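Hi everyone, thanks for coming. Please have a look at the structure on the screen, and then we'll walk through two spots in it together.

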Amino acid sequence: MNLLLIVFGLGLVMLFTVLLVRTLRFSARTAPVPPTAAIAVDIDEAVRRLALALRFRTISQEDPVQFAGEVFQAFHAWLAEAFPGVHASLQKETVDGFGLLFTWPGSEAALRPVLLMAHQDVVPVSPETEPDWTHPPFAGEIAEGHVWGRGALDDKSSLMGILEAVEALLAAGFQPRRTLYLAFGQDEEIGGTQGAAKIAGLLRRRQVRLEYILDEGGFVAEGLIPGLAVPAALVGIAEKGYLTLELSVAGEGGHSSLPERQTTIGILSRALVRLEENPFPADLSFSRLFFARVASGMPFPKRLALANLWLFAPWIEKMLSRSPEMNAGIRTTIAPTQLSAGVKENVLPVRATAVVNFRVMPGEQTEGVIEGVRKIVDDYRVQIRARAVRSEPSPVSDVRAASYGMLERTIRQVATGEELLVAPYLVVGATDCRYYNDLCDNIYRFSFIRIGHEDLKRVHGTDERISVKGYAQLVRFYAQLLRNTQEL
Ligand SMILES: [Zn+2]
């Protein structure tokens, strides 16, 4: 045999060995956690209270005139009746009228406090969809094993679940070592500037440094990740930034029988096409972290490719770019959302404007994105203006932190007896906890709520609901988290 062939053959064998070893190491399963005794919660009563909470129309409207302050105040008064222990033992502050901050002083003042977050407000139900609800959105009905209503998933279940857990722990004589804060803003759905931002401001003035924060943003995904047969708890360790740009082109106008060679609409359209054809570069760092944790539940070929990104990165990037969900996790996205020009079919518009929304990848900055857009558009006739509402991407919480390990263990304890993977991921939307970036290094976005394909459209949509069993797990999750925090 030819020596060259032998060398080539040996090389191939070595390559396969490396690929295989990396794959096996990459997808090692985590050891199961021993079950723990659950804290006593009367789940029927808890479910009844959640249903009642959903009856308060704590709706966030874009138009501030429509803000119904009295509904929020009624909700606060009802919470005081529903959770007498919390209100007797924790210090309650109302921040700027409607934000709620509870403080449960820890026994060891030297330890950094922790903060659990949720929001009181819900999105409105558009009147034309109201008849489509199986149970009315603000009736708080319990039926077919579910609690139905706006806020059942986003986010009153978390708010109520946290309070149920604290109430149960108080009843059991629990005393936290670390001070515990509970912060419930009233306007998350319209930006959080009056709620979370002001509560964070208050803690900042008091020079509070937090050990960890838990807010909404992640969930237990069931059947949502291609190739993954088991549920995966997605823990948000960072969130993307937010930027909106207005692109506009001004022209002479005039009669449409005498158009110039390039019209305002034509110039603007070309700019938009260029943007779509030149996506921002991919960053696989979150995917790498994520897939390392879920690979054990994936078929072998996928596992092999994911474990060997040094070789397969271009292919993986192409594959991820194809799905909108995956693509949003690897790059700054570009979404033209509004377009306006022209008043009459035979008049050339003097101005054409497009609104483009960007979700900015951690590690980048909104200024850099604006610069990038200028370069891609590369046309002096297109004016680019940033809108005032924008936020920078969050820092990335370290998955090697003790609090991350504790959170992961808690999730797996609550899911005892079931195969469930826990994985860090990038939250592509914005949550209230972005106002706390400078108060805490370890910010996690996760609620123990199971979301399948069918549930995705219920969030902010019709027939929002949570299963009674699922809610029981959510309450147990918060209670277990606070107990495990004792060892932190
Ligand atoms: Zn929410």
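I'll talk about the zinc site and then about one aspartate, Asp121.

A quick note first: this is a predicted model, where local features need pLDDT of at least 70, side-chain atom pairs count only at pLDDT 80 or more, and totals for chains, interfaces and linings use all residues. Residues are numbered from 1 along each chain as its sequence is written, and side-chain values use heavy atoms, with hydrogens and water left out.

So, which protein atoms are the donors of the zinc ion? They are His119 (NE2), Asp154 (OD) and Glu216 (OE), with Glu216 (OE) listed twice, lying 1.9 to 2.6 Å from the zinc ion. Donors here are N, O and S atoms within 2.8 Å of the metal (3.2 Å for Na, K and Ca), and since water is not among the atoms, sites may look incomplete. Along the sequence, the donor residues follow the spacing H-x34-D-x61-E. Asp154 sits in the loop between strand 5 (146-148) and helix 5 (156-171), and Glu216 in the loop between strand 7 (212-215) and strand 8 (220-221), so the pair ties together parts that are 62 residues apart in sequence. Helices (H or I, at least four residues) and strands (E, at least two) are DSSP runs, numbered from the N terminus. Both Asp154 and Glu216 are buried, meaning under 20% relative accessible area with a 1.4 Å probe, protein chains only.

Now for Asp121, in the loop between strand 3 (114-119) and strand 4 (141-143). What does its side chain make a polar contact with? The partner is the side chain of Ser60, at 2.7 Å. A polar contact is a pair of N or O atoms within 3.5 Å; within protein, one must be able to donate a hydrogen and the other to accept it, and residues adjacent in sequence count only if both atoms are side-chain atoms. The backbone nitrogen of Glu188 also lies 3.0 Å from a polar atom of the Asp121 side chain.

Conventions:
Buried < 20%, exposed > 50% of the residue type's maximum accessible area, 1.4 Å probe, protein only.
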